[in-house]
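I opened my notebook to follow some charged side chains through a protein model. Here is what I looked up, one entry at a time.

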Amino acid sequence: MAIKSLLVSIVSIAVLLQTSQAAIVKRVACPNSKHTAVNAACCSWFDVLDDLQENLLQSECGENSHSALRIVFHDAIGFSLTKDFGGGADGSIIKFGATELEFAANAGIDETAGDLQPFADKHGKTYGDIINFAGAVGVANCPGAPRLPFLFGRPNATAPAPDGTVPEPFQTIPVILARMADAGFSPAEMIALLASHSIAAADEIDTTIPGTPFDSSFDQFDTQIFIETQLRGTGFPGTGPHQGEVESPLVGEMRLQSDHNFARDETTSCIWQSFADNQPLMAQEFAAAMKKLQVLGQDVSKLVDCSEVIPIPKKSTVTPHFPAGKTHADIEQACATAAFPDFPTLPGPAQTVGPV
C-alpha cells in the first residue's frame, strides 16, 4: 500500500507540474487582432507592431529599420551618472525635438523622430516606449540579429537632454570612452553597441552620397563591419575627406573615423577583433549592451516585459569573409595579443558597395 500511495503521489505531482507549466504558457486572444499573448497587457503592442511593419519598416532590414535603431542610442545616451541631467531612454528626443534635434550630433534624426511620433500618438504610447519598440522591431528585421527585449511603461520625458551627450565620429577614443563611462558603459560595451554599424549607413557626413553603408552586407547583422574596418583604407566613397570620415577599403563604403580608431586603439582593438570571426559572441554582447541602453535612467521595476511581441530574426546568410579583391595581407594588425583571423576571399573583381 505504501508503494501504491507513493506512486499515486508521484503521478499527482507530475500532473500538477504539467498543469502549472500549461498555465504559464497559456495565451489569450488579443481583441480585434490575429495575435495572442501570454500577457494581455502586451496585446496593444501587437497592433503597433503590425502598423509599424506595414507603414514604416516594411518588415525589412532597410533604411527605416536602421534609423529606428539609431534613434534608440541618440535618445538614451542623454544621461549622466555624475551630473544632474538627462532621463536616458525617455523619448526626450521627440518630446523636446525642437531642442535636441538642433544638436549637430543628431543630424538626420529629425526624420526618424517625425516618423515615429504619429505612431505613438495614434496608439497612445509614450515617446520613450515607441522609440525602443521600433528599435527592437527594426533590429529583428535584420537576419543574424539577436532578438532584443522590450519593456514598456516609461513615463514621458520632463526635460531635454543637453548638447554634447552623443559621441561624434571625429572625437578621440579617450573622449568618447569618457562620455560613455559617464553614462555607465565600459569600453567593451561601447564596442558591442557598435555592432549596430553592421546594419547602418551614413547620410550626413557626405551629403552628396546619402545611404552610404559602413560594410558590404548592410542588410545583415553580421561580423563584416569588424573585418572590413580592419582593412587598409584606399579611398573615399564621395567627395571626401569630410569631418568624421577616413579612407575606406571598398568603393562605395564609408568608414567612420571613430570606427577606424576603435579598431586600432590599444584599449579596444582586441575587443574589436574578437567579434570578427564570432557572430554568436557579437550578437550576445550587442543584446546585453542594448538591454542596458534601452532602460537607461528608468526604474525597471515599474516596466512591463512585452518581449514576446518582438519578432524572431532570421538567421544570417553571410559567413565571415574578405571582400573580393582583399586578403589577409590588407589587414592592419592592431591587437597585440592575437593575430587577426584569416578568412576566404570572395571570388570575382574588386567589390563595389551600393547605397542602402
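**Entry 1: starting at Glu-332**

I began with Glu-332, which forms a salt bridge with Arg-232, and I noted 3.8 Å between the closest N and O atoms. Where do the two partners sit? Glu-332 is in the segment after strand 8, while Arg-232 is in the loop between helix 10 and strand 6, so this pair ties together parts 100 residues apart in sequence. I should add that I am working with a predicted model.

I then asked myself whether Glu-332 is buried, partly exposed or exposed. Its relative accessible area is 25%, and buried would need under 20%, so Glu-332 counts as partly exposed. Arg-232 is also partly exposed, at 36% relative accessibility.

**Entry 2: a second partner for Arg-232**

Next I found that Asp-330 forms a salt bridge with Arg-232 as well, with the closest N and O atoms 4.0 Å apart. This pair again links distant parts of the chain: Asp-330 lies in the segment after strand 8 (304-305), and Arg-232 in the loop between helix 10 (224-228) and strand 6 (245-246), 98 residues apart. Asp-330 has a relative accessible area of 18%, which puts it in the buried class.

Which residues are linked in the network of salt bridges? I wrote down Arg-232, Arg-264, Asp-330 and Glu-332.

**Entry 3: another salt bridge**

I counted on the program for the total, and the structure holds 8 salt bridges. One of them joins the side chains of Arg-154 and Asp-129, at 2.7 Å from N to O. Arg-154 belongs to the loop between strand 3 (151-152) and helix 8 (173-182), and Asp-129 to helix 7 (residues 127-140); they are 25 residues apart, and the pair links distant parts of the chain. I checked the burial of both partners, and Arg-154 and Asp-129 are both buried.

**Entry 4: a look at Ser-196**

To finish, I left the salt bridges and turned to a serine. I found Ser-196 in the loop between helix 9 (187-193) and strand 4 (201-202). Is Ser-196 buried or exposed? Its relative accessible area is 17%, so Ser-196 is buried, the cut-off being under 20%.

What lies around Ser-196? A polar atom of its side chain is 2.8 Å from the backbone oxygen of Leu-193. Setting aside neighbours within four places in sequence, I noted that Ser-196 is in contact with Leu-69 and Phe-286.

Methods: Residues numbered from 1 in each chain as written. Predicted model: local features only at pLDDT ≥ 70, side-chain atom pairs only at ≥ 80, totals over all residues. Heavy atoms only, no water. Helix = DSSP H or I, 4+ residues; strand = E, 2+ residues; numbered from the N terminus. Buried < 20%, exposed > 50% of the residue type's maximum accessible area, 1.4 Å probe, protein only. Polar contact = N/O pair within 3.5 Å; in protein donor to acceptor, adjacent residues only side chain to side chain. Contact = heavy atoms within 4.5 Å.
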